Each structure stands twice: as structure tokens, then as C-alpha cells.
Amino acid sequence: MKVIELNKSVTEDNDEDARQIREDMRQKGTLLVNLMSSPGSGKTTLLTRIVSDMKDRLNIGILEADIASDVDAIRAEQAGARVIQAHTDGMCHMDALMTKKAMDEMGAEGMDLIFLENVGNLICPAEFDTGAGCNLMILSLPEGDDKPLKYPLMFQVSDGLVITKTDTAPYFDFDMKACRERVLALNPDIRIFPVSARTGEGMDELEAWLEEKIADWRNK
Ligand SMILES: Nc1nc2c(ncn2[C@@H]2O[C@H](COP(=O)(O)OP(=O)(O)O)[C@@H](O)[C@H]2O)c(=O)[nH]1
Ligand SMILES: [Mg+2]
């Protein structure tokens, strides 16, 4: 697995870089999914589960973005994904140019699905278009059902929300109904998937949606 050091981007026009990535990914038939959440909400665990479940029918790549370390990349590679670890030079998010450099290192040709595991943070990643065709976010039960009220932008820019760690419901007073209502008030089109990456509950619906998203991306 390769580790690359990214420099802070000096690009003037993030939107133009993002547009170019989408055009390139559309030509290659590769769906890039930008996965965002707080640290520890379960991004790597969810991705390793998706890779294990879907690797027989899809070529899946993962771009791991972190300030330091390669621990997530090792876990993702063990699950069977093609993996690049990118270090963000202290940045709390990935932008489009950084994403492009990581994609170029990976080589998107022949890949069906590439996940960008963004830096763990509910604020900055929501502000930067990475060039992804789909934004997916995670909220885990221990974080609390009030997070849509506190970090609205992340919920507004996401196409899908995974509410994970449902297996921990007996230990947390997470109000699923209130959370859904808060999220849908911000973004009526978002798809919500309650899952447990530990037990596998809800994973089928999420994985079927990802397959639909790949088909839509190719037919657009
Ligand atoms: N009980 C439970 N724990 C989970 C689940 N998903 C992740 N975790 C745990 O949450 C912690 C952080 O997970 P990780 O995937 O590293 O989160 P990340 O920092 O967002 O990538 C680890 O201890 C995981 O085992 C889940 O569905 N249920
Ligand atoms: Mg992780």
C-alpha cells in the first residue's frame, strides 16, 4: 500500500478541479463516494464491511485521508480493497486537487467504486467539493440525535446518511424519529440508512443503494 504526502493546495478554483474529476470519473464509469463523519463514528469499519460484502462483484478502491498514520489503510487493504493512504499536511479536510492527486496515484481505470474516507470532522469536509459523484455521511448513535441541529451543512450536502452502531441502542438515548425529522427538515432528498457495521443489520439496503448509484452515474 502506498502512502503519499499531499501539500496544501494553492488552487484558485476548487469548483473547476472538482468538475474535472467528475468528468474524468464519468468517462471511466467510476463512482467516487466522499465519506464524511466525526472521528470514531465508524467510517473504516463500515468501509471494510462494504468491501468484504461487495468485492466479489465490484472493484473497490479506498483513498484514506488522515493527518497522520496508516492504520485505516492497513484495515482497508486487509478487507480486500485497492488502497492509497494520503496525508493531508495538517489539513482538516480534502479538497478537489488533493483528491485528484490521490486518485492519480491509485489509478481509477477499471474501478467501479472508490471511497474517499475524508478526515474525521463534521465541519470542514462539508465546505469543500472533492469532485465526488456522491456525498455520504455517517452519524453514530453515541454521538447523539442533536447533531443535525449543530452541524447542518454536513447534512445538507450529503446524498446519503448512514446512522450506524444501531447495536448500541440499549445504551444510548438516541431518538431515531427525532433525528430523522431534523435531518429531513434540512434535506428532504437525503436517503437514511440505519445500520450496524458490527452485526450487519441494514447493510443490504445500503449496499443496494450504492449499486443503484453506480448504475445512475453510468447512465447519466
Ligand atoms: N458497536 C459498534 N461499534 C462500532 C460499529 N462501527 C464501528 N464501531 C467501533 O467504533 C470505533 C471507531 O470505528 P472506526 O471505523 O475506526 O471509525 P472512524 O474513525 O470513523 O473510521 C471502533 O472501536 C469500532 O469497532 C458498529 O456498528 N457497532
Ligand atoms: Mg477511519
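How do the residues of the shell around ligand 1 divide into nonpolar, polar and charged? In this predicted model, the shell comprises two nonpolar, nine polar and six charged residues.

**Close-up 1. The shell of residues around ligand 1.** Ligand 1 has 17 residues around it, of which Gly40, Lys43, Thr44, Thr45 and Asp167 come nearest. Helix 2, spanning residues 43-54, gives the most to this shell, contributing three residues. The space that ligand 1 takes is the largest pocket.

**Close-up 2. Polar contacts of ligand 1 with Gly42, Thr44 and Arg75**. At Gly42 the partner is a polar backbone atom, which lies 3.0 Å from an oxygen atom of ligand 1. Side chains serve at the other two residues shown here: an N or O atom in the side chain of Thr44 is 2.9 Å from an oxygen atom of the ligand, and one in the side chain of Arg75 is 3.0 Å from an oxygen atom of ligand 1. Of the 580 Å² that ligand 1 exposes when taken alone, the protein buries 76%.

**Close-up 3. The protein donors of the magnesium ion (ligand 2)**. Thr44 (OG1), Asp72 (OD) and Glu117 (OE) are the protein donors, lying 2.1 Å from the magnesium ion. Along the sequence, these donor residues follow the spacing T-x27-D-x44-E. Because Thr44 lies in helix 2 and Asp72 in helix 3 (residues 71-79), the pair ties together parts that are 28 residues apart in sequence. Thr44 thus appears in two of the views, with its side chain in contact with an oxygen atom of ligand 1 and its OG1 atom among the donors of the magnesium ion.

Conventions: Residues are numbered from 1 along each chain as its sequence is written. Chains are lettered from A and ligands numbered from 1 in the order in which they are written. This is a predicted model: local features need pLDDT of at least 70, side-chain atom pairs count only at pLDDT 80 or more; totals for chains, interfaces and linings use all residues. Side-chain values use heavy atoms; hydrogens and water are left out. A residue is near a molecule or strand if one of its heavy atoms lies within 4 Å of it. A polar contact is a pair of N or O atoms within 3.5 Å; within protein, one must be able to donate a hydrogen and the other to accept it, and residues adjacent in sequence count only if both atoms are side-chain atoms. Accessible areas come from the Shrake-Rupley method with a 1.4 Å probe; for residues, only the protein chains shown count as cover. On a 1 Å grid over the protein atoms alone, a cavity is a set of points where a 1.4 Å probe fits but cannot get out, and a pocket is an open set with protein on both sides within 12 Å along at least five of seven lines; lining residues have an atom within 4 Å of a point. A molecule sits in a cavity or pocket if more than half of its atoms lie within 2 Å of its grid points. Helices (H or I, at least four residues) and strands (E, at least two) are DSSP runs, numbered from the N terminus. Ala, Val, Leu, Ile, Met, Phe, Trp, Tyr, Cys and Pro count as nonpolar, Asp, Glu, Lys and Arg as charged, and the others, Gly among them, as polar. Donors are N, O and S atoms within 2.8 Å of the metal (3.2 Å for Na, K and Ca); water is not among the atoms, so sites may look incomplete.
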